[in-house]
Protein chains: 4
Amino acid sequence: MTDKKERILVATEKLLATHGFHGLSMQMVAKEAQVATGTIYRYFNDKNDLLHQLHEHILGYIAKRISRNINDSMSLKQRYRTMWLNLWHMSVNGEAPLINQGQFQHLPRDNSYEKKALKKQLFSCVNQMFDEGKACLLFKPLKNEILSTLSLETSCYLARQKINGGLEITDSELNAAIEASWDAIIQH
Amino acid sequence: MTDKKERILVATEKLLATHGFHGLSMQMVAKEAQVATGTIYRYFNDKNDLLHQLHEHILGYIAKRISRNINDSMSLKQRYRTMWLNLWHMSVNGEAPLINQGQFQHLPRDNSYEKKALKKQLFSCVNQMFDEGKACLLFKPLKNEILSTLSLETSCYLARQKINGGLEITDSELNAAIEASWDAIIQH
Amino acid sequence: MTDKKERILVATEKLLATHGFHGLSMQMVAKEAQVATGTIYRYFNDKNDLLHQLHEHILGYIAKRISRNINDSMSLKQRYRTMWLNLWHMSVNGEAPLINQGQFQHLPRDNSYEKKALKKQLFSCVNQMFDEGKACLLFKPLKNEILSTLSLETSCYLARQKINGGLEITDSELNAAIEASWDAIIQH
Amino acid sequence: MTDKKERILVATEKLLATHGFHGLSMQMVAKEAQVATGTIYRYFNDKNDLLHQLHEHILGYIAKRISRNINDSMSLKQRYRTMWLNLWHMSVNGEAPLINQGQFQHLPRDNSYEKKALKKQLFSCVNQMFDEGKACLLFKPLKNEILSTLSLETSCYLARQKINGGLEITDSELNAAIEASWDAIIQH
DNA sequence: AATGAATGAGTCTTCATTCAT
DNA sequence: AATGAATGAAGACTCATTCAT
């Protein structure tokens with residue numbers, strides 16, 4: 001990817017996190033990325049396109065990040081803990097500030113076929129874990145989306161509260177939260 | 001509350017859900033509420049204030065709605081199910097379209113003291129349930145915020161996926177999801 | 001018509017004549033009309049609409065102006081001379097600077113039904129003259145549009161050359177031109 | 001003339017006819033001419049210069065085209081008819097789409113000395129015809145510009161109406177129009 | 001209390017022009 | 001000679017806010 005395009009995307013992500021969707025102007029992006037306003041339009045059709053491409057850019061990043069330090073020889077529980085903490089750290093460290101923030105909800109043309117395909121790819125290692133867990137009767141027989149929401153994604157929701165200043169959480173509480181979310185999906 | 005003020009708030013909520021935060025103009029609100037533009041400024045200092053008051057308005061609504069059909073004679077499990085389903089129906093029916101959508105995240109002056117107090121009030125019945133559950137050793141000894149995120153709030157997250165078109169869910173799956181989220185917080 | 005709308009139209013006509021279609025900015029119009037930029041958009045949908053409405057405004061003016069001092073008791077020749085000179089003076093004095101300048105050619109939505117109807121009205125006295133002339137066999141049996149182009153409209157074309165600085169013309173030459181254009185349409 | 005310069009001029013003429021003066025960008029011209037944007041500036045100082053040179057280019061074309069099939073052995077009437085029809089066909093066929101359209105009216109630096117000289121050259125055969133006609137007392141003793149406007153140029157004006165869709169004209173009507181315009185300039 | 005016309009700063013986007021390659 | 005990425009001023013249009021009525 002061109003140097004400038006990359007810089008524009010990075011600048012947009014940063015500003016989107018700070019200012020939100022409204023209050024994000026192309027001039028601001030240009031200034032932050034240290035390019036001329038017009039330059040943005042060489043790489044993106046318009047503001048919408050910029051946000052869409054950013055979305056895909058971020059999804060790609062999350063895809064890589066969520067499966068860090070995961071390999072098939074690990075036990076299900078180990079994989080679960082690792083992914084949960086990957087999400088947690090990514091969220092808390094602001095590596096993907098837009099995750100779970102609904103910032104992309106009002107883009108027209110969203111939920112397109114390509115987006116869904118991308119999400120498939122994103123969660124491939126997640127889906128594999130859930131499939132295996134259900135196959136050996138360790139997990140409850142529910143759709144992967146439901147299992148994920150009940151367990152893995154709680155990581156992001158807790159992180160959001162921490163970031164917003166509404167929640168402090170110790171290491172042992174974090175550990176207990178992981179175990180509790182694990183309880184939600186295993187058979188008892 | 002004045003008739004006009006009420007109408008303005010209702011119009012704002014509707015438009016906010018449809019158009020998102022950006023693309024919401026005072027003129028649009030005035031038209032939707034059948035009120036002159038200037039009238040809005042009788043009841044609200046500025047656009048920010050309108051959104052803030054709307055936020056509180058909505059929180060108040062949710063407060064009432066979440067505890068519908070709840071009374072102290074019900075068992076903990078019954079209360080949990082009822083509140084979970086109250087949240088679910090409210091979310092799915094679009095009664096509080098802004099719940100969990102992050103639409104209010106970028107308001108300046110947010111997370112103020114009054115907001116937190118309001119949230120306390122909002123979750124008073126929720127907190128009572130968690131406190132009782134922990135007292136009788138049925139629930140895990142975790143902060144109420146964590147318990148809530150792991151269990152009750154999954155209702156909203158699932159509802160959001162349903163609304164976005166990314167998830168279909170049957171009645172039996174819904175029931176299983178409630179049970180699973182219950183498993184997350186009880187001791188095993 | 002509102003005072004401001006009138007002022008905007010007048011300003012636009014003036015600037016259009018001076019700067020042409022390109023190089024006419026809404027800011028210029030606003031400044032010339034002594035209104036705020038946004039005010040223009042209370043009365044006109046967009047730039048196109050402004051130009052369209054100006055066009056009709058001008059056609060209306062020409063309609064009144066071309067038939068000044070005309071009445072049915074005058075002979076055909078007298079009426080012809082009067083209309084020819086009305087057009088001439090209007091053109092030369094810059095009363096309708098856009099006449100015959102093709103400034104409206106690139107408006108989309110032009111040549112609409114309403115425009116044609118307006119032109120009918122505009123040329124009603126002209127058409128009546130040509131019809132009478134053909135009825136008494138004084139004029140050649142041609143369509144009114146053709147007769148008009150060959151005779152009356154030469155007034156504008158000559159005026160345009162005078163304005164552009166390409167032609168000087170004396171009173172007697174003017175008179176001769178009227179007679180010559182009369183020769184074009186009468187039977188010999 | 002260089003191949004590229006020619007291509008740029010041709011592209012500009014085409015786009016000018018379609019899009020009008022406004023809505024013509026150098027990028028569009030470059031794309032249409034299959035040339036890099038910067039290349040245009042090898043051959044033309046700026047956009048104004050491009051339009052000026054295009055104007056001269058077109059005048060040169062018209063000069064050649066108007067005198068096609070004309071030679072001195074033809075009678076005045078024959079020459080008149082031929083030139084009238086040359087103009088007519090050129091206009092109607094869109095060979096010089098900018099003729100009579102006022103597209104060049106607002107160029108600064110226009111009506112320069114060179115432009116006038118060019119026009120002399122352009123109308124040399126026309127002027128010769130009018131001079132001969134006046135010398136033998138066939139034509140009225142008026143300036144050539146006036147004679148031209150009253151007779152020859154009606155060709156363009158009628159053509160414009162036909163193109164705009166405001167006028168349909170049969171062959172016999174066309175013929176009658178030529179005769180009528182001839183009547184305007186001859187002595188009776 | 002209510003209106004809605006008016007404002008003008010600010011938004012997204014285009015485009016004539018330059019310049020390193 | 002030719003390219004086309006980059007620039008940033010300027011354009012059309014919007015909208016939060018005010019104020020005379």
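Select chain A and chain B together: in this predicted model, the area buried between the two chains is about 3,300 Å². Carbon and sulfur atoms give 57% of that area. The contact draws 41 residues from chain A and 41 residues from chain B.

Next, restrict the selection to the charged pairs across this boundary. Four salt bridges are counted between chain A and chain B. For one of them, select A:Lys143 and B:Glu173, whose closest N and O atoms are 3.4 Å apart. Between chain A and chain B there are also nine residue pairs in polar contact, counted with both residues at pLDDT 80 or more.

Now colour chain A by its helices. Which elements give two or more residues to the side of chain A that touches chain B? They are α1 (3-19), α8 (144-150), α9 (154-164) and α10 (171-185) of chain A. Of these, α10(A) gives the most, with seven residues. Colouring by residue class shows 14 nonpolar, 18 polar and nine charged residues on this side of chain A.

Then superpose the two chains. A turn of 180 degrees, with a shift of 0.1 Å along the axis, lays chain A on chain B with an RMSD of 0.2 Å. This is the relation of a two-fold axis. Both copies use the same surface, since 100% of the contact residues of chain A recur in chain B.

Move on to DNA strand F and display its surroundings. The strand is surrounded by 32 residues, of which A:Thr39, A:Arg42, A:Tyr43, B:Met26 and D:Thr39 are the closest. To see which elements supply at least two residues each to the surface near DNA strand F, select α3 (37-43) of chain A, α2 (26-33) and α3 (37-43) of chain B, α2 (26-33) and α3 (37-43) of chain C, and α3 (37-43) of chain D. By class, the residues of this surface divide into 11 nonpolar, 13 polar and eight charged.

Turn to the strand itself. Of the atoms of DNA strand F within 4 Å of the protein, 68% belong to sugar or phosphate, and the rest to bases.

Finally, zoom in on three individual approaches to DNA strand F. At A:Thr39, an N or O atom of the side chain is 2.5 Å from a phosphate oxygen of the strand. At A:Ala36, a backbone N or O atom lies 3.1 Å from a phosphate oxygen of DNA strand F. At C:Gln27, the partner is a base nitrogen of the strand, which lies 3.5 Å from a polar side-chain atom of that residue.

Technical notes. Residues are numbered from 1 along each chain as its sequence is written. Chains are lettered from A and ligands numbered from 1 in the order in which they are written. This is a predicted model: local features need pLDDT of at least 70, side-chain atom pairs count only at pLDDT 80 or more; totals for chains, interfaces and linings use all residues. Side-chain values use heavy atoms; hydrogens and water are left out. Contact means heavy atoms within 4.5 Å. Buried area is the accessible area (1.4 Å probe) that two parts lose on being put together, summed over both. A salt bridge is a side-chain nitrogen of Lys or Arg within 4 Å of a carboxyl oxygen of Asp or Glu. A polar contact is a pair of N or O atoms within 3.5 Å; within protein, one must be able to donate a hydrogen and the other to accept it, and residues adjacent in sequence count only if both atoms are side-chain atoms. Helices (H or I, at least four residues) and strands (E, at least two) are DSSP runs, numbered from the N terminus. Ala, Val, Leu, Ile, Met, Phe, Trp, Tyr, Cys and Pro count as nonpolar, Asp, Glu, Lys and Arg as charged, and the others, Gly among them, as polar. A residue is near a molecule or strand if one of its heavy atoms lies within 4 Å of it. Copies are superposed by least squares on the C-alpha atoms of residues with pLDDT of at least 70 in both.
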